[in-house]
Amino acid sequence: MPARIPGRRLLHSPGPTPIPDEVLHAMMRQPMDMGDPRLDTIIADCESGLRAVLGSAQADVFFYGANGHGAWEAAIINLLAPGKLALVPGTGHFSESWALQTEALGREVRRTPWHEGWPIDVAAVEQALRDDTQHQIAAVFVVHTDTSSGITSALAPLRAALDATRHPALLVADVVASLASESFDMDTLGVDVALGASQKGLMCPPGLGFLAMNARAFQVVQANPTPRYYWDCVLRKSPLAYRKFCGTPPQNLLAGLQAALALLQQEGMSKVLARHQRHRALVHAAVTGWGQGGALGFFGRDPASRSAAVTTITVPAGTDVDALRAVAREDFQVAFAGALGPLQGRAFRLGHLGDQNPANVLGCLAAVEAALQVQGLPIGSGVQRAAALLAGDARLRD
Ligand SMILES: *Cc1c(COP(=O)(O)O)cnc(C)c1O
């Protein structure tokens, strides 16, 4: 039997994220029979709570017992009729993964270039829309926060590009990493479809994905002849729990989500977002301090688009990022992420989203600083800067 780990291992991957005790406890319950009205209440609370977090009054919410890739699949298969295209603005590893999944399902993709370190190239998106005079593009698949780059792209300019070109394509936003950490307001932004998953800002275990869509998007779904069954939103639009989930609902995950949404509501979304901004500032202070050693830096070139959910930190070529992570995890009990795709070996990522507080964030930063020292990387003092920032914040409060 592996030895017990004393205390708690801090989880700073940008998903999955730590789960609040309230959520764990809510999930620890016996299954309910399918006709039990308590089940209908849980599902209704999840739908309305999610609408509130998304900032949508009317959106239809479709849940799947699936991860974020399942939600991607649901979006692709429900929204793209045969012969239609998706325009995928380049954001990094996640836009490319979504594009590849779209192509694997037999749909053509048009991409705009990704400029390393920067958010979406809106001018390129607008040009691609303008060039599409036949309106073959049925949807723009946008990753709001690309979890690999740690960069958040503003969505309003994309809506503006669709409006300026009078292009009817749906605006589809992947908010897997940004929901409940970055400001997102589906109705105000004119986002037609939002998709997400349970294990990031929503503070739940992995395994629950969702699509939320407005009436215009639902009409596109209804008119789409693509063969589908399990993922089909038309079949799932029903008052019956068994139909909503195309079979038995994942009851315990839903009970967890119900509890998590209640926690977000109790704290208030504006406070949730402010908390994430404070944690981002702590991480930024530390990275700035580490950078004084000349070796580490921010991957995101534009400070305003660095995400409140995750920070991608560059390291010199040849750094053994896996060894750095192993020391932090096994010796110091802090888990964080390596880099993905083309950034592998060039960066690591600290997640600061979800159920986090200043102690967790400082603990993470201190362990990372120690692990960087173990690896012999030249760094300035980061933790000291973060602690000074925290103290300054507290002083401002009285
Ligand atoms: C995590 C993530 C996904 C994929 O989610 P899985 O649950 O791992 O399939 C998709 N998009 C973004 C932006 C993510 O952060």
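**Reading the domains, the ligand shell and two backbone features**

Tutor: In this predicted model, the centres of domain 1 and domain 2, taken over C-alpha atoms, are 28 Å apart. The contact takes 28 residues from domain 1 and 27 residues from domain 2.

Student: Which residues belong to domain 1, and which to domain 2?

Tutor: Domain 1 is made of two segments, 10–15 and 268–397, whereas domain 2 runs over 21–266.

Student: How is the size of an interface often given?

Tutor: It is often expressed as the accessible area that is lost when the parts come together. Here, about 2,200 Å² is buried between domain 1 and domain 2, and carbon and sulfur atoms give 63% of that area. On the domain 1 side, Met269, Phe299 and Ser305 supply 20% of the area buried against domain 2, more than any other three residues.

Student: I should now like to read the ligand site. How many residues surround the ligand, and which are the closest?

Tutor: The ligand is surrounded by 13 residues, of which the closest are His69, Thr147, Asp174, Gln199 and Lys200. By class, this shell has 5 nonpolar, 6 polar and 2 charged residues.

Student: Which helix gives the largest share of the shell?

Tutor: Helix H3, residues 68–79, gives the largest share, with 3 residues.

Student: Which atoms of the ligand lie 2.3 Å and 3.3 Å from side-chain N or O atoms of Thr147 and Asn67?

Tutor: In both cases the ligand atom is an oxygen: one lies 2.3 Å from an N or O atom in the side chain of Thr147, and the Asn67 side chain has an N or O atom 3.3 Å from a ligand oxygen. Asp174 faces a nitrogen atom of the ligand, with a polar side-chain atom at 2.7 Å. Of the 380 Å² of accessible area that the ligand has on its own, the protein covers 90%.

Student: Let us turn to the backbone. What sign of phi do most residues other than glycine have, and what form do most peptide bonds take?

Tutor: Most residues other than glycine have a negative phi, and most peptide bonds are trans. In this structure, Gly15 and Pro16 are joined by a cis peptide bond, with omega at about 0°. Pro16 sits in the loop between strand E1 (10–12) and helix H1 (21–27).

Student: Which residue has a positive phi although it is not a glycine, and where is Ala180 placed?

Tutor: The residue is Ala180, with a phi of about 70°. Ala180 is in the loop that lies between strand E8 (170–174) and helix H7 (186–189).

Conventions:
Residues numbered from 1 in each chain as written. Predicted model: local features only at pLDDT ≥ 70, side-chain atom pairs only at ≥ 80, totals over all residues. Heavy atoms only, no water. Near = heavy atom within 4 Å. Polar contact = N/O pair within 3.5 Å; in protein donor to acceptor, adjacent residues only side chain to side chain. Areas by Shrake-Rupley, 256 points an atom, 1.4 Å probe, with all protein chains shown as cover. Helix = DSSP H or I, 4+ residues; strand = E, 2+ residues; numbered from the N terminus. Nonpolar A, V, L, I, M, F, W, Y, C, P; charged D, E, K, R; others polar. Domains from an automatic or database assignment. Contact = heavy atoms within 4.5 Å. Buried area = accessible area lost by both parts, 1.4 Å probe.
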